[in-house]
Amino acid sequence: MIRGRPAVGLLVLGACVVAIALLAADTGPRSASPWRHAYALPVLAGALALGVVGGSVTALAALMTQAPMLFVRVEAVGLGAVALDELASAAMLLVLGPLLGSCVTEARRQRERYATVLAVHETLADERPLAHILDALRRRLNDRLAAEVTLAVRDGERWIVAGSDAHLFDRAVDHAAGEFLPDAADGPRPHRRLSVPLCVRGETMGVLTVERVGELPAGERRALAALALHISAALENARLVARQRRFADELADKVRAATDRLEALDRAKSVFVAMASHELRTPLTALVGYSELLATREFSPGEVRRQAEIMRRQTRRLAGIIDDFLDLSRLERGEAPPLRLAEVPVGPALAGAVELLGGPQGARRIVVDCAPELTPVRADPHALERILVNLLSNALKYSPTDTMVTVRARASTGNVVIAVEDAGRGIAPDALPRVFEPYFRAPDAVGRAPGSGLGLAMVKSLVEAHEGRIHVESEVGIGTRVTLQLPAVP
Amino acid sequence: MITSRSTPDAARSAWPPGLLSGTPGNLLGVLVASLACCAALVDASWLPSSALRVVTVAVAHGGLVAIAFGWASTTPPQWRPLVPSAIFILILALAAAGACWDPRAAIFYLASPLWLAVLVVNGRLAPLGLRGQMPISGTLLGLATGLALGGHLLLAAAGTFGYRVRTDVQVLVAIAYDVGANVPSSELFFRGALFNRLQRRWSFAAAVTTATAGGLLRYLVDPLLPKAPEVIVGMLLYLTLLGVINAWLLWWSGSLVPGLVSALVFFAAYRMVAAV
C-alpha cells in the first residue's frame, strides 16, 4: 500500500514517528528514553518502501521530533554521555535513511532499466515494417520512461520518425549529434529534453529524444545514452534480418521465375518437336510418294513434269524448314545470321516474295503498294526474301480467304518502311508482346494453321541483323499490321 | 508518424530567457539611491528614524517584487512592469508609514495582496506561478506544511526555551506585515522568480539550494526580524525546510499559491512565539 501510494505511505510513517515521539517523551530530562531506538523502524520502512524520498523525509521527521527533547536534555545535563548518545542515534538515522533509501532507489532504477532494455529488444524483434516497429517502441518507451519519446531513424535518404510532436521531429533532425535542454518549453514546469544519437559503427543512424515534465537527472541521462546503444544495436540487427529476409525472398522469386521459364521452354520444345516432326513428314511423304510413283510407273512427259514440280516445291519447303532450324540454333547461341549485304530494290523483292507464295491463288489475295522511285535497301537478298515470305505467309494463313493482304513500302528519312496488313482475327493483347519469342504461338492460333512458332523470331533476328526495327500492332476482330524498317542505300 | 519539418518557431528558440533578463536596473538604482538619501537625511537628523524604517521596507520588499515582476514580464505576452512595481512599492511605503504612526494602520499592508490579485486576474503573474485557478490539493498540502512547521515551532519553542504563545495586537501587526510584504516578496522573488528561472537551467537540487540559500540570506539581513541566537539557529532550520518544501510545492503543482499559504501559516505561528 505504501509503495503504491507514496503520499499515504508518508502520512502513515509520519504518524508512526509522532507515536514514537509521544512514547519517548515520558522520560525525564536526565535520561534518554529507550524508545528513541524505535525511530529506526519507520525510517527503515520509509527507505525500503519509498526509496530515497521516504528514507530522507522519515529520518528528517524523526530528527525534528527528537530535537526539542534533545535540546531540553542538553540544557538540563549539559553535553554529556547521555546527550551525545542521543545525538549519535539521531545522526545515525539521518545518515541511514537517505543512504538506504538511495540504495533502494538505485536498485529499482536498475531493475527498471533492465526491463526497458528487454522491452526494446522484444519490440525490435518484431517482423513488421520499420515504421510500425518504431511506433510500437515509442509507445512502450513512453510508458516505461514516463516521458514523451521521439524516435527518428534514417532510412536511406529519408527519415522515419515515430513521435507526435513536429517540434520534437525538428529537434531530432537538427540535433542528431545529441544534446540536453534543461527546459524545452515555456510551461509552468520545466520540460527537460535529451536527444541521444543512435550510432552503429561510428555512423549516426538516428536519434532518440526524451522529453519529460520534471527532472531528468545526470544518472538517468547516462542510462538513456546506454539505452540508445541498445536500441541502435537492436535496430541494426532488425535491419540486417529484414535485409536478409528480403534477399532470400528475392532469390526465391528469381528461382521460381527461372524454373517457370525453363518449364515453359521445355513444354515449348516438346510441342516444337511434335510440330517439327509433322512439318518434316508432310513434304517427305509427298517426296517419297511421287518418287515411288515415278520409279514404278510410266507417265506422260507432262505428268512427269507436274510431279517433278511438286517434288521441287516440297524439297524447297523442306529446305526452308531446315534453314529455320539452323537459324534457330544460331539464335540460341546468340550469333547473328550471316548476311551478304547488297543493294536490293524493294519492288522486285516484294514481287518475288509474292510469287513464291503458292502461285496465283495466294498472289491474287495480295495487294502490293510500292512507290516506283523507292530507294533500294541495303540487305541480304535471300534474308529479305525470307522476311517478306514469312510475313506474307502469316498474313495469308491467319486471315480469311476472302480478305486481302496489303503490303506497302515507303521511304522514311534514310529508311524504307514496309508494312504488311491483314484483315484477320487479330492477336489477343496478352499474346501480342510475346509473338517474337521463339516457339511461341498464340493459343487461338494453335490448330487453326500449321506453324513452328519460329517464323517471327527468325524475322526479328534477321531485321535486327540488318540494323532495322520491327513491331507489330493488332486489334482483335480488325486485323494485324507488322511494320519493319530497313536502312535505305544512302 | 511525422515525415516533414515544421516551420521554426522563433519564440521557442528564444526560450529560456537570460538569467538576469528583465531585471529593472533603473528602478533598482532609484530605490537604492532613495534608501541612501533617506539614510543620509536620518543621519543628519533631518528626518525621523522611522522614515528610514519606512523606506527600508519599501525598498527591500518592493525591490524584490520589482525584480520578480521584471522577470515575469519577459515571458510572452510581454508587458511593462514599471507601473505595477511602483504601485506595489507605494503601497508598502504607505502601509509602513501608517504602521509607524499607528500600529492599527498596518492593515494597509493588506492592499498589496489585493494589488497582486488584480495582476493575477490580468494574467501578468502567470510566469511566477500565480494564475487564475487555485490548485486545491497543492493548497491543502501547503496549509498542512505551514501547520506542521508552525506547530512544531510552537511546541519546540515552548518545550525547549519555555517561550509562550502571545496573541496581542503586535502579533496582528507583524502578521499584516508578513501578509503584505514579507511573505509575498520572499515567495515571489525566491520561489516564483529565482527558483523558477534557475530550474529551467539547472537541476532541481541546484535551483532549490540556491533559492533557499538566498532566502536565508535575506532573513539574516532583515532588520525587522528577531536576532536572538537561538531564534536565528532555529529559524535557519525552519526557513531551510520551508524554502525546500515551498520550492517542491511550486515544482509539483506549478503554482505559487501552496508556498504562499504554507509561508503565511508558518510566519503566523512564528509571530506568536514570545520569549518569557
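Select Ser412(A) and Asn415(A) to begin: Asn415(A), in β10(A), is the bridge partner of Ser412(A). The model is a predicted one, in which local features need pLDDT of at least 70 and side-chain atom pairs count only at pLDDT 80 or more, while totals for chains, interfaces and linings use all residues. Residues are numbered from 1 along each chain as its sequence is written, and chains are lettered from A and ligands numbered from 1 in the order in which they are written.

**The hairpin in chain A**

Extend the selection to β9 (residues 405-412) and β10 (residues 415-422) of chain A, two antiparallel strands joined by seven bridges. Helices (H or I, at least four residues) and strands (E, at least two) are DSSP runs numbered from the N terminus, and two strands pair if DSSP finds at least two bridges between them. These two strands form a hairpin with two residues between them, and Thr413(A) in the turn has a positive phi of about 30°. Elsewhere along the pair, Thr406(A) has Glu421(A) of β10(A) as its bridge partner.

**The mixed sheet around it**

Add strand β12 (residues 479-487) of chain A, which pairs with β10(A) in the antiparallel sense over eight bridges; Val417(A) stands opposite Gln485(A) of β12(A). On β9(A), look next for β7(A), which runs parallel to β9(A) and is joined to it by five bridges, with Val407(A) of β9(A) as the bridge partner of Val368(A). With β11 included, the chain A strands make an open sheet of five in the order β7-β9-β10-β12-β11, with mixed pairing. Because β7 (366-370) and β11 (469-475) of chain A each have a single partner strand, they stand at the edges, and one side of each is left without a neighbour in the sheet. From one strand to the next the twist averages 15°, where angles run from 0 to 180 degrees between N-to-C directions and axes are lines fitted to C-alpha atoms, for helices over the stretch in contact. If you display side chains here, recall that in a regular strand they alternate between the two faces of the sheet.

**The antiparallel sheet and its helices**

Which order do the strands of the antiparallel open sheet of five in chain A follow? The order is β2-β1-β5-β4-β3, and the edge strands, β2 (158-162) and β3 (179-181) of chain A, each pair on one side only. Here too, the twist averages 15° from one strand to the next. Select β1 (residues 148-155) and β5 (residues 203-213) of chain A to see an antiparallel pair joined by six bridges, in which Gly206(A) of β5(A) is the bridge partner of Val153(A).

Now show helix α4 (residues 130-145) of chain A, which lies across β1, β2 and β5 of that chain and runs at about 155° to β1(A). Helix α6 (residues 218-296) of chain A lies across β1, β3, β4 (191-200) and β5 of chain A, running at about 40° to β4(A).

Before leaving chain A, colour the whole chain by secondary structure: there are eleven helices and twelve strands. Of its 490 residues, 31% are buried (20 or more other C-beta atoms within 10 Å of a residue's own, the C-beta atoms being placed from the backbone).

**Helix packing in chain B**

Move to chain B and select helix α3 (residues 49-72) and helix α7 (residues 169-198), whose axes come within 9 Å and cross at roughly 35°. The contact (C-beta atoms, placed from the backbone, within 7 Å) involves residues including Val57(B), His61(B) and Trp71(B) of α3(B) and Pro184(B), Phe189(B) and Arg197(B) of α7(B).

Keep α7(B) and add helix α8 (residues 204-221) of chain B, which packs against α7(B) at an angle of about 155°, with the axes 9 Å apart. That angle makes α7(B) roughly antiparallel to α8(B) (the term covers angles over 145 degrees). Their contact includes Phe190(B), Leu194(B) and Leu198(B) of α7(B), together with Val208(B), Gly214(B) and Arg218(B) of α8(B).

How values were computed: Two residues are in contact if their C-beta atoms, placed from the backbone, lie within 7 Å. Angles under 35 degrees count as roughly parallel, over 145 as roughly antiparallel, 65 to 115 as roughly perpendicular and the rest as oblique. A residue is buried if 20 or more other C-beta atoms lie within 10 Å of its own, exposed if 12 or fewer, and partly exposed in between; C-beta atoms are placed from the backbone.
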